[in-house]
Amino acid sequence: MTNVGTRETTKVVDGGSPLAGKMSLLGLPRARLQQVLAPHVERSFRVDQIYRAIYDRGIRRFDDVTTLPLALRRHLSAHFSLELPDVVKRHRSADGTEKYLFRLADGATIEAVDIPEGDRRTLCVSSQAGCALACRFCVTGYWGAGRDLTAGEIVAQVLAIRAVERPGTHGLNVVFMGMGEPLLNTENLRLATQILLEQISWRRVTLSTAGVVPGLRELAAWEQRPRLAISLHAPDDERRSRLMPINKKYPLAALLGALRQIPLRSKERITFEYILIDRWNDGPDDAELLHRLLQNLPSKVNLIPLNPDPVLDPKLRRPPDARVEAFRKRLAELGTRVTVRRQRGDDVSAACGQLRVPGRDPRGFRRSNFSF
Ligand code: SAH
């Protein structure tokens, strides 16, 4: 065994935290792990044992990989880490949803949410420690930008929750819908996706984006791609630009054009998330505009009644249930596939758009541009 190559891959995109003394083995797809460990193991099946210990058994210390010879365990501990983020806080909601606050190696904090649903569970994980996009309805955006997470830090959120709850991969779904914009951190998302798809089907991994067109072009060329969800939220450019500043840079025509270039798999549909805001985008005419907009794309719409938060503009309100149902019904009558997202975890601020960076000053853009 030799030391050659232990420190070569401390680049941020390769999973290992550049701040940690030892290189993290999290964030390396199987083939990459093989390359990194090749100089350290005499027999290549050892890499499979290590890979399975990390992803199937969730071990956190090489000492616990008892299938490895003691000398190898010691050698690996001296050179590599399997560190998961610290769980600073856990908030359990009355409905079983659990919000995790994690502290990363450099002190940055992020949130992730565990949403059990019968014998399935969905883990909602962060892609950045904050968000630069400043969508007017989103609490994360209100608190401002933060750094990109490494692939290892993205995958580690899944492993850390699995280490607490001990769920296997059966019935496990992962959504990149936590803090941050995944398509502003594409290379790390590509690697994290590759690792997750070694464990679970692409059908159970969803990347949600506000519509970063260059990111969508990159994603179209990924060898392995998760499902795709687009945060749409308004049926025309004028309103979408007021709600989501990114729409000024990548308006609807550019966004939908980029989506048409993505090669979809058999029966695959793109999900369009649409936050319903009382008397602002929830009328029957809006349902028709939305239907027309999506007509030429294999799509389905997921309606999300707005989750209010004290930092958001008080003019943004959730519509009464009857208006939500009327909107759903109109879309369905027109022939659009549509579901309504049930609100989960709102009593512990774990619902969509309620994840924040603790201890930061807000950037304060709220009371601004809504006319009704
Ligand atoms: N940046 C990515 C992923 C994070 S947002 C994106 O924009 O898709 C994850 C989901 O939460 C998106 O569908 C977003 O639109 C939704 N969301 C944000 N704020 C919300 C709020 N106040 N109420 C309901 N849903 C919200």
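Trainee: What makes the pair formed by Gly180 and the ligand a polar contact?

Mentor: A backbone N or O atom of Gly180 lies 3.0 Å from a nitrogen atom of the ligand, and a polar contact is a pair of N or O atoms within 3.5 Å, so the pair qualifies. This is a predicted model, in which local features need pLDDT of at least 70 and side-chain atom pairs count only at pLDDT 80 or more, while totals for chains, interfaces and linings use all residues. Residues are numbered from 1 along each chain as its sequence is written, and side-chain values use heavy atoms, with hydrogens and water left out.

Trainee: Which atoms of Phe137 and Glu273 pair with the ligand?

Mentor: For Phe137, a backbone N or O atom lies 2.7 Å from a nitrogen atom of the ligand, whereas for Glu273 a polar side-chain atom lies 2.6 Å from an oxygen atom of the ligand.

Trainee: How much of the ligand does the protein bury?

Mentor: Taken alone, the ligand exposes 540 Å², of which the protein buries 96%, with accessible areas from the Shrake-Rupley method and a 1.4 Å probe.

Trainee: Why are the buried residues of α11 said to line one face of the helix?

Mentor: In α11 (residues 284-293), Asp286, Ala287, Leu290 and His291 are buried, that is, under 20% relative accessible area (1.4 Å probe, protein chains only). Seen down the axis of α11, these buried residues fall within an arc of 140°, so they line one face; the arc is that of the directions from the helix axis to the C-beta atoms.

Trainee: What is found on the other side of α11?

Mentor: Asp285 and Arg292 are exposed there, exposed being over 50% relative accessible area.

Terms used
A polar contact is a pair of N or O atoms within 3.5 Å; within protein, one must be able to donate a hydrogen and the other to accept it, and residues adjacent in sequence count only if both atoms are side-chain atoms. Helices (H or I, at least four residues) and strands (E, at least two) are DSSP runs, numbered from the N terminus.
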